Amino acid sequence: MKLLTHNMLTSHVKGVIKGYPLLIKATEVKVNEVEFNPQFVCRMIPKLEWCALVQAADQLGHRQDLPGELVPDYEKNEDFLKKVHRVLMEVEVLEGCLQCPESGREFPISKGIPNMLLNEDEV
Amino acid sequence: MCSGYPTPVYAHAGRGDFRDVYEPAQDSFLLIDALETDAERLRGMSPSVCLEVGSGSGVVSAFVASVLGPSAAYICSDVNPAAAQCTAKTASCNNVSLQPVLTDLVSSRGIEAAWAGGERGREVTDRFLPSVAQLLSHKGLFYLITITENDPEEIIRLLSHQGLEGESCLSTRAGNERLSVLRFHRKQQT
């Protein structure tokens with residue numbers, strides 16, 4: 001599970017008002033080399049919940065020097081875009097779980113895939 | 001007709017670890033054909049996000065990724081854990097980046113979900129249709145593969161009430177039924 005994906009996921013457990021962002025408890029993390037595509041990064045940035053991304057990177061110990069706030073004029077800042085690229089696309093959680101911040105319910109991540117499926121009583 | 005974009009590799013689907021994954025069939029290939037026909041239009045739109053609901057083997061998203069390239073995010077949802085893993089494998093076999101997620105649209109599990117359908121084979125689709133108008137961007141496109149039994153004309157009417165204009169963009173005979181790919185976009189405000 002890349003942090004790009006994590007940024008989109010939310011808990012829909014019955015009764016939960018804000019199941020976002022999910023806390024990451026990782027037991028296995030991998031860093032891959034992914035080709036840097038500045039256009040892709042620029043298009044994703046406006047869609048991201050920035051704080052959730054920084055928090056997630058922090059939880060994985062992979063934040064490095066990613067700033068707490070978006071820098072202005074990031075489109076032309078290749079250095080910044082590369083930092084975002086690394087956190088968004090290169091860091092991958094292979095095993096662990098995502099925890100709903102409100103209900104505490106854990107969603108497992110297995111072989112890199114997050115399982116957001118709810119049980120019948122949680123729907 | 002010459003194929004501009006090759007069909008993704010998918011031989012692993014339907015066997016071994018992925019024996020419970022929907023093996024690409026006539027409907028998958030018709031959807032791929034429709035997307036290939038629209039390739040230039042899709043490239044011109046330069047989408048940022050592509051979402052596949054029920055990715056199965058991942059072959060359709062892999063195809064879209066090969067057409068649109070790495071400037072978009074490809075999210076693949078399925079309820080079948082084997083399908084999500086298969087999608088990941090299909091991505092790596094075809095040198096594209098797909099993001100599989102296990103998410104719930106129906107309460108049943110495994111490959112039955114792909115076949116169940118319910119009344120008119122619409123149980124799954126009907127639960128998802130109301131979300132389409134919410135999810136689709138103002139210039140986005142929604143493709144849906146249907147069979148005659150699903151009553152595609154009614155689906156078009158239903159989505160029309162939600163401000164989405166649709167039509168059958170490609171269809172073919174499949175036994176006694178007709179497979180159709182429906183394509184929707186937001187009605188333009190006049």
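**Exercise 1. Work out how strand S3 of chain A is joined to S4(A), and where that puts S4(A) in its sheet.**

Step 1. Start with the pairing itself: in this predicted model, strand S3 (residues 106–110) of chain A and S4(A) run antiparallel and are joined by 2 bridges.

Step 2. Pick out a bridge pair. A:Ser110 has A:Ile113, in S4(A), as its bridge partner.

Step 3. Now zoom out to the sheet. Its 4 strands follow the order S1-S2-S3-S4 (chain A), the sheet is open, and the pairing is antiparallel. Strand S1 (23–31) and strand S4 (113–114) of chain A each have a single partner strand, so each has one side without a neighbour in the sheet.

Step 4. Add the helix. Helix H4 (residues 78–90) of chain A lies across S1 and strand S2 (91–99) of chain A, and runs at about 60° to S2(A).

**Exercise 2. Find which residue forms a salt bridge with A:Lys25, and say which strands the pair links.**

Step 1. Recall the idea: side chains of opposite charge can pair when their charged atoms come close.

Step 2. Look for the partner. A:Lys25 forms its salt bridge with A:Glu106, and the closest N and O atoms are 2.9 Å apart. That sits inside the cut-off, which asks for a side-chain nitrogen within 4 Å of a carboxyl oxygen.

Step 3. Place both ends. A:Lys25 belongs to strand S1 of chain A and A:Glu106 to strand S3 of chain A, so to speak two distant parts of the chain, 81 residues apart.

Step 4. Put the pair in context: over all chains, the whole structure has 12 salt bridges.

**Exercise 3. Describe how chain A meets chain B: how many residues are in contact, and how much area is buried?**

Step 1. Count the contacts. On the chain A side 21 residues are in contact with 20 residues of chain B.

Step 2. Get the area. The two chains bury about 1,700 Å² between them, with 58% of it on carbon and sulfur atoms. In chain A, the residues that lose the most area to chain B are A:Arg43, A:Ile113 and A:Leu117, together 34% of what that side buries.

Step 3. Check the polar side of things. The rule finds 0 salt bridges across the interface of chain A and chain B, while 7 residue pairs are in polar contact, both residues at pLDDT 80 or more.

Step 4. See which elements of chain A take part. Helix H1 (3–6), helix H2 (38–44) and S4 of chain A each supply at least two residues of the side that touches chain B. The largest share, 4 residues, comes from H2(A).

Step 5. Sort that side by class: 12 nonpolar, 5 polar and 4 charged residues.

**Exercise 4. In chain B, set out the sheet with the order S1-S2-S3 and the hairpin of S5(B) and S6(B).**

Step 1. Take the sheet. Its 3 strands pair in parallel, and the sheet is open. Strand S1 (49–53) and strand S3 (99–102) of chain B are the edge strands, each pairing on one side only. From one strand to the next, the twist averages 20°.

Step 2. Look at one pairing. S1(B) and strand S2 (residues 73–78) of chain B run parallel, joined by 5 bridges, and B:Glu52 stands opposite B:Cys76 in S2(B).

Step 3. Move to the hairpin. Strand S5 (residues 164–174) and strand S6 (residues 177–186) of chain B run antiparallel, with 10 bridges joining them. The bridge partner of B:Glu167 is B:Arg183, in S6(B).

Step 4. Finish at the turn. There are 2 residues between the strands, and B:Gly175 takes a positive phi near 65°.

Notes: Residues numbered from 1 in each chain as written. Chains lettered and ligands numbered in written order. Predicted model: local features only at pLDDT ≥ 70, side-chain atom pairs only at ≥ 80, totals over all residues. Heavy atoms only, no water. Pairing = 2+ DSSP bridges. Axes fitted to C-alpha atoms, helices over the stretch in contact; angles between N-to-C directions. Contact = heavy atoms within 4.5 Å. Buried area = accessible area lost by both parts, 1.4 Å probe. Polar contact = N/O pair within 3.5 Å; in protein donor to acceptor, adjacent residues only side chain to side chain. Nonpolar A, V, L, I, M, F, W, Y, C, P; charged D, E, K, R; others polar.
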